[in-house]
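Ready to practise reading a protein model? Work through each exercise with the structure beside you, and try every task before you look at the solution.

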Amino acid sequence: MDKKVVVLCTSRIYDPQVHGYIERLNNRLAKENCALLIFTVNSDLYWMEDNLSAETTVFDIIPYKLADVIVIMDEKIKSHTISNKILERASSYNKPVIVVDGHYDGYPHINFDYAAGFEKIVRHVMGQRKIQRPHIMAGIPDNPFSDERIAIFRKVIEEYGFTFDDSMLSYGQFWAIPAREETEKLIKSGNIPDALICANDIMAINVIDVLKSHGIRVPEDVLVSGFDGYDEVFITEPKITTASCMTPGLSEASADLILKCINDRYDKADSINVIPTLIPNESTASPVYSGYNQSLLGLFNNNFYRHQDTVRIMYETTTSMQMSKNPEKMIELLKEMVVNDERIITNVSFVLNKNCFNTDYYYFDKISRKIAHADFCLEFDEDVAPSLIERQKDEMLLRPESERLEKKLNTGYPLVFNALDYMDIPIGFVCYNYPGCDITMYSRTSNITNTISLGIGGYINNSYHRTLADKVDKMYRKDSLTGLLNRIGYRNEFEHKRTDEENAGKPVTVIMSDLDGLKNINDNYGHAEGDFAIRAVAKALKNACPEDAICVRFGGDEMFAIIIGECDIDGIISKVDSYLTDFNRSAGKEYKIAASCGSYSSVLDENYDIKQALRKADEKMYVVKRQHQKDS
């Protein structure tokens with residue numbers, strides 16, 4: 001492949017900060033003939049190392065052989081287990097790794113200088129006006145990030161002549177509810193600060209909300225600041241002073257280090273610190289800063305009015321896929337959404353584990369979470385085929401020699417990979433290739449991945465349970481010895497045909513059949529041979545009757561058939577006799593298998609009595625049986 005391949009491991013690409021990083025990084029790399037592959041999850045893992053969700057299997061398909069450099073956004077992934085696994089596998093392939101917003105010994109890293117950024121915030125607040133009662137809403141006790149910000153707060157306020165004490169400190173746990181509770185305590189104490197510096201934006205948003213609910217004005221009565229640069233702070237009232245931790249400098253630093261690795265100047269000791277950008281705003285009595293450029297707002301506005309339609313289309317597609325009767329129909333429905341409906345998405349491929357369509361067992365009980373190692377997969381690619389095609393693993397999209405992969409990478413825009421999962425079990429992967437880095441497109445990936453996962457997963461679930469229901473139904477309705485309907489099965493089947501208006505007024509014939517000499521066979525040759533003879537008569541009756549006849553084992557060696565419509569009764573009975581004659585020649589048994597048959601015909605109307613018909617056919621059958629006994 002002509003291009004150098006950079007693999008980026010991250011989460012939530014639809015987050016404006018992450019999207020901005022990707023867009024700037026890709027623009028820089030594209031100029032250097034590099035292609036970007038993005039492997040991402042759609043939710044924050046929050047360092048839950050013991051219970052990783054199935055969507056993290058997307059990191060199992062990273063093409064280490066293909067990659068020239070691997071970039072891990074550690075703080076975005078929020079799982080040391082995942083990051084360490086990527087580091088170990090990259091090392092086994094001797095591939096360079098760059099860690100962004102995290103630190104692992106022996107690897108170059110690019111980090112924010114959070115201390116410098118937070119100090120900017122504190123100095124900005126303290127310098128806005130004569131502060132009398134400064135206060136910090138810290139994070140979690142004994143957390144290094146929280147402790148660092150407390151130390152910086154203490155250092156700066158002491159420069160302004162204050163002596164730090166515990167009355168200036170609250171712990172909001174970096175989260176909404178604890179921050180609200182601590183703010184309520186401050187208000188109740190009567191010692192309301194005139195400057196409340198929060199260790200992150202989530203706490204700042206909630207602190208302001210509580211203050212306003214008590215009639216305390218921001219910034220007139222209290223200055224409030226946040227930290228992190230989340231986009232939510234630009235749509236609050238008032239807009240909140242913060243520091244952006246996803247600056248253009250981060251993507252530029254990443255690009256510089258990536259290109260250094262590609263040019264064989266990889267240095268594990270490399271370390272770059274990027275200082276967050278201070279963004280003064282209304283909450284600290286600064287001029288308003290919206291945080292959004294107008295072109296981005298325009299893109300969101302243009303797509304807003306189609307949002308309801310898009311959600312409805314996805315819901316209807318998911319439902320239709322789940323109710324499909326076969327994989328071909330299910331995939332066709334998905335194709336109509338992802339390829340033909342421009343309101344949703346274009347340029348998508350996905351891979352499924354072949355085993356998910358095997359109804360011999362329940363996929364969600366048996367399948368290993370290591371789906372990436374399946375030898376055979378099914379693949380859909382709208383550029384290549386209109387339906388699923390089977391490929392071996394080395395023929396898949398991520399194969400280094402793949403012409404399809406090269407074609408997609410030559411667009412100059414990233415390939416984005418998500419895992420497909422259902423009931424937290426992986427079923428495959430999806431790849432998006434957009435003609436641009438449009439955030440409104442990126443923001444759809446989570447919903448589209450969810451739609452595909454729910455549609456396919458629901459189909460797998462329903463398909464298995466339909467198969468299971470069919471098996472149970474056959475066990476419930478069919479006689480295990482002969483395969484004919486049992487009494488319950490015959491009643492349900494006959495009632496269905498009797499109430500069908502198309503059958504009203506048609507002739508209906510009952511043919512009763514009984515094995516001759518069953519007691520003699522059982523007594524002299526054993527019950528197994530008796531069962532053998534019963535099966536032979538059942539097959540003779542089934543083969544002789546029309547395909548839509550209701551053939552029933554009534555009990556013991558008694559069997560009957562119900563035929564709706566015109567039929568040749570004598571011909572059917574003759575076929576039964578002929579079948580058994582031929583069967584006896586080939587079976588080589590010491591005994592002869594024969595059957596006595598009797599019939600009764602009537603008309604299927606509202607007065608038809610099946611019990612009476614069976615009794616009359618049975619009477620005629622016994623006339624024939626007695627004649628057979630005389631003849632023998």
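**Exercise 1. Find out how the side chains of Asp209 and Arg180 meet, and what the pair ties together.**

Solution. Keep in mind that this is a predicted model.
- Step 1: Asp209 and Arg180 form a salt bridge, with 2.8 Å from N to O. A salt bridge requires this kind of atom pair to lie within 4 Å.
- Step 2: Find the two residues. Asp209 sits in helix H7 (residues 201–213) and Arg180 in helix H6 (residues 176–189), so the bridge ties together parts that are 29 residues apart in sequence.
- Step 3: Check the surroundings. Asp209 has a relative accessible area of 39%, so this residue is partly exposed. Arg180 is partly exposed too, because its relative accessibility is 29%.

A background thought: side chains of opposite charge can pair when their charged atoms come close.

**Exercise 2. Which helices does the salt bridge between Glu493 and Arg477 link, and is each partner buried or partly exposed?**

Solution.
- Step 1: In this bridge, the N to O distance is 3.5 Å.
- Step 2: Glu493 belongs to helix H16 (residues 487–498) and Arg477 to helix H15 (residues 445–477); the two are 16 residues apart, and the pair links distant parts of the chain.
- Step 3: Use the cut-off: buried means under 20% relative accessible area. Arg477 has 17%, so Arg477 is buried. Glu493 has 26%, so Glu493 is partly exposed.

**Exercise 3. Which residues are joined with Lys155 into one network of salt bridges?**

Solution.
- Step 1: Begin with a single pair. Lys155 forms a salt bridge with Glu119, and their closest N and O atoms are 3.1 Å apart.
- Step 2: Lys155 is in helix H5 (residues 144–159), while Glu119 is in helix H4 (residues 114–126), 36 residues away.
- Step 3: Compare accessibility with the cut-offs. Glu119 is buried because its relative accessible area is 19%, whereas Lys155, at 39%, counts as partly exposed.
- Step 4: Follow the shared partners. Salt bridges join Glu119, Arg123, Lys155 and Glu159 into one network.
- Step 5: Place this in the whole structure, where a search finds 20 salt bridges.

**Exercise 4. Which residues of the largest nonpolar core touch the most other members, and which helix gives the most to this core?**

Solution.
- Step 1: The core has 84 residues, and those touching the most other members are Tyr21, Ile22, Ile98, Ile258, Ile456 and Ile460.
- Step 2: The helix that gives the most is H8 (residues 248–262), with eight residues.
- Step 3: Take Ile22 as an example. Setting aside residues up to four places away in sequence, Ile22 touches Leu8, Ile13, Leu36, Ile38, Pro414 and Tyr442.
- Step 4: Look for another core. A second, separate one has 35 residues, including Leu37, Ile61, Ile77 and Phe429.

**Exercise 5. Which residues make a nonpolar surface patch with Met48, and where does Met48 lie?**

Solution.
- Step 1: Tyr46, Met48 and Trp175 make the patch, which covers about 360 Å².
- Step 2: Met48 is found in the loop between strand E2 (34–41) and strand E3 (69–73).
- Step 3: A patch residue needs over 30% relative accessible area. Met48 has 46%, so Met48 is partly exposed.

**Exercise 6. What is Thr81 in contact with, leaving aside its neighbours within four places in sequence?**

Solution.
- Step 1: Thr81 lies in helix H3 (residues 80–92). At 34% relative accessibility, this residue is partly exposed.
- Step 2: Its contacts are Glu49 and Leu52.
- Step 3: Turn to Asp50, which is 31 residues from Thr81 in sequence; their C-alpha atoms are 8.8 Å apart in space.

**Exercise 7. Over which residues is the pLDDT below 50?**

Solution.
- Step 1: Start with the protein as a whole. The average pLDDT is 87, and 90% of the residues score at least 70.
- Step 2: The stretch to mark is residues 294–307, where the pLDDT is below 50; beyond near neighbours in sequence, this stretch has ten contacts in the model.
- Step 3: Apply the reading rule. Where pLDDT is low, the predicted coordinates should not be read in detail.

Technical notes. Residues numbered from 1 in each chain as written. Predicted model: local features only at pLDDT ≥ 70, side-chain atom pairs only at ≥ 80, totals over all residues. Heavy atoms only, no water. Patch = residues over 30% accessible without salt bridge, like charges linked within 9 Å, V, L, I, M, F, W, Y side chains within 5 Å. Areas by Shrake-Rupley, 256 points an atom, 1.4 Å probe, with all protein chains shown as cover. Helix = DSSP H or I, 4+ residues; strand = E, 2+ residues; numbered from the N terminus. Buried < 20%, exposed > 50% of the residue type's maximum accessible area, 1.4 Å probe, protein only. Core = buried A, V, L, I, M, F, W, Y, C linked by side-chain atoms within 4.5 Å. Contact = heavy atoms within 4.5 Å. pLDDT = per-residue confidence, 0-100.
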